[in-house]
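Got the viewer open? Here is a walk through the model, one selection at a time.

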Amino acid sequence: MIIGDLACAAGPNTLLFMSSVISTIVEHCKSSRDDSVELQFFLNDLPGNDFNELFRLIEKFRRPNITGERAHLPPFYYIQGLPESYYNRLFPRESVHIFHSSYGLHWRSQELEGLESWRKTYLNEDNIYITKTTTPFVVKQFQKLFYKDFSLFLKLRHEELVHGGQMVLIFNGRKDEDVYNGDLNKLFALVAIALKSLVLKGLVDKEKLQSFNLPVYGPSVGEVKELVMQSHLFNMNLIKQFETNWDPFDDSEGDDVEDNACSSMNIAKFIRPALKSLIVRHFGETIIDAWFTEFKSLVAEHLEKEKTKFTIIVMSLKKE
């Protein structure tokens with residue numbers, strides 16, 4: 001059984017996914033009395049991902065399973081890294097049984113092109129994503145790139161999946177069709193304000209900020225459904241949306257922030273690794289700590305006014 005985990009990153013979520021698959025196969029083997037199933041995991045991310053750290057975690061994950069007695073082992077499984085963009089073909093035709101991707105598909109294949117020379121005309125200064133003042137022209141550029149990327153992703157994975165193969169996809173979206181009202185809009189507005197404050201302090205060149213656009217888009221459920229149906233490649237088993245707090249350690253359902261200082265630090269630490277490579281590539285590494293401090297302070301101010309949540313889309317697709 002071939003399993004691809006796309007945008008695996010280097011944290012414990014990948015281990016959680018692999019553990020879930022292995023546990024499911026264990027139960028299947030017990031009920032069917034068939035212990036012949038073997039698993040091949042391919043862990044995929046961009047070449048800049050810290051695969052060394054990932055495989056150090058995997059060694060710790062594997063160690064408790066080594067008992068020396070076949071009867072107590074889970075199914076044999078093999079793990080390999082696959083450094084490549086999933087907007088390219090990754091596998092031979094009809095070779096993969098399951099694809100999983102967690103918190104990756106809101107990232108685009110490239111930065112928006114053609115906005116730099118028109119920025120003062122089409123986009124308010126200092127914006128890095130969609131805000132209330134972003135023009136329909138610029139919104140359309142973000143949407144077009146998402147439509148292109150997601151359609152390509154579906155086509156490539158359809159080619160690689162066996163007949164009846166399935167995908168489970170989890171990614172950031174927005175709760176309704178209003179493209180100006182997404183949760184990511186609020187978050188990345190704070191990122192932009194933090195960068196703007198560094199411009200005022202002389203740490204960032206203003207033109208650098210004006211040419212910076214985040215390669216990201218949070219779609220609505222409606223947009224995702226439409227692209228899947230237009231592809232005629234997959235049956236949609238499930239599509240749902242749910243909300244999670246910006247603070248990854250806050251599981252409460254209320255609208256009040258219990259510890260503003262703690263939550264703002266948690267959120268800033270959560271966002272920093274997600275954006276670090278983009279910021280470093282565009283502005284240089286020297287501003288990271290200063291940006292982090294400014295961003296954390298802005299998040300704390302925001303949490304005093306409202307407790308904001310991410311909208312998450314989860315979907316299950318089966319190859320026709």
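Where is Ala 9 found? Select Ala 9 and you land in the loop between β1 (2-6) and α1 (13-32). Keep in mind as you go that this is a predicted model. Colour by backbone angles if your viewer can: phi of Ala 9 is near 60 degrees, a positive value in a residue other than glycine. With 34% relative accessibility, Ala 9 counts as partly exposed.

**Zoom out**

Now show the whole chain as a cartoon. You should find 9 helices and 7 strands. The radius of gyration is 21 Å, close to the 20 Å that the globule rule gives for 320 residues, so the chain is as compact as a globular protein of that length. Draw a box along the principal axes and the C-alpha atoms fill roughly 65 × 40 × 40 Å.

Switch on a surface next. The protein chain exposes about 16,200 Å², and carbon and sulfur atoms supply 53% of that area. Of the 320 residues, 50% count as buried. If you draw contacts between residues at least 6 apart in sequence, 81% of them join residues at least 24 apart. Colour by charge and you get 37 positive and 44 negative side chains, with the centres of the two sets 3 Å apart.

**Into the strands**

Select Ser 101, in strand β4 (residues 96-102). Hide the surface to see Ser 101 properly: the residue is buried, with a relative accessible area of 0%. Which residues does Ser 101 touch, not counting those up to four places away in sequence? Show Leu 6, Ala 7, Val 168, Leu 169 and Ile 170.

Go on to Gly 165, which sits in strand β5 (residues 161-173). Gly 165 is buried too, at a relative accessible area of 3%. Put a distance label between the C-alpha atoms of Gly 165 and Ile 98: the two are 67 residues apart along the chain, yet the label should read 5.9 Å. Leaving out residues up to four places away in sequence, Gly 165 touches His 97, Leu 317, Lys 318 and Lys 319.

**The loop before β4**

Next stop, Glu 94, in the loop between β3 and β4. Here is another positive phi in a residue other than glycine, near 50 degrees. Glu 94 is exposed, with a relative accessible area of 54%.

Stay in that loop and pick Arg 89. Its salt-bridge partner is Glu 159, with the closest N and O atoms 3.0 Å apart. Arg 89 lies in the loop between β3 (77-83) and β4 and Glu 159 in helix α4 (residues 136-160), so the pair ties together parts that are 70 residues apart in sequence. Are the two ends buried or exposed? Arg 89 counts as partly exposed at 34% relative accessibility, while Glu 159 counts as buried at 16%.

**More charged pairs**

Side chains of opposite charge can pair when their charged atoms come close. A search of the whole structure turns up 15 salt bridges.

Select Asp 149 and Arg 108 for another one, at 3.0 Å from N to O. Asp 149 lies in helix α4 and Arg 108 in the loop between β4 and α3 (119-122), so this pair ties together parts that are 41 residues apart in sequence. Both Asp 149 and Arg 108 are buried.

Then swing over to Lys 201 and Glu 294, whose side chains meet in a salt bridge at 2.3 Å, N to O. Lys 201 lies in the loop between α5 (183-200) and α6 (206-210) and Glu 294 in helix α9 (residues 288-305), so the pair ties together parts that are 93 residues apart in sequence. Lys 201 is exposed, at a relative accessible area of 55%. While you have charged side chains on show, select Arg 89, Lys 155, Arg 157, Glu 159 and Glu 160: salt bridges that share partners join them into one network.

**Last stop: Val 216**

Finish in the loop between α6 and α7 (221-231), where you'll find Val 216. This residue counts as buried, at 0% relative accessibility. What is Val 216 in contact with, leaving aside its neighbours within four places in sequence? Show His 106, Trp 107, Arg 108, Tyr 129, Phe 142, Leu 184 and Phe 188 as sticks. Arg 108 is the salt-bridge partner of Asp 149 from earlier. For one more distance label, try Val 216 to Phe 146: they are 70 residues apart in sequence and 8.1 Å apart in space, C-alpha to C-alpha.

Technical notes. Residues numbered from 1 in each chain as written. Predicted model: local features only at pLDDT ≥ 70, side-chain atom pairs only at ≥ 80, totals over all residues. Heavy atoms only, no water. Helix = DSSP H or I, 4+ residues; strand = E, 2+ residues; numbered from the N terminus. Rg over C-alpha atoms; globule rule 2.2 N^0.38 Å. Buried < 20%, exposed > 50% of the residue type's maximum accessible area, 1.4 Å probe, protein only. Contact = heavy atoms within 4.5 Å. Areas by Shrake-Rupley, 256 points an atom, 1.4 Å probe, with all protein chains shown as cover. Lys, Arg positive; Asp, Glu negative; His and termini not counted. Charge placed at Lys NZ, Arg CZ, Asp CG, Glu CD. Salt bridge = Lys/Arg side-chain N within 4 Å of Asp/Glu carboxyl O.
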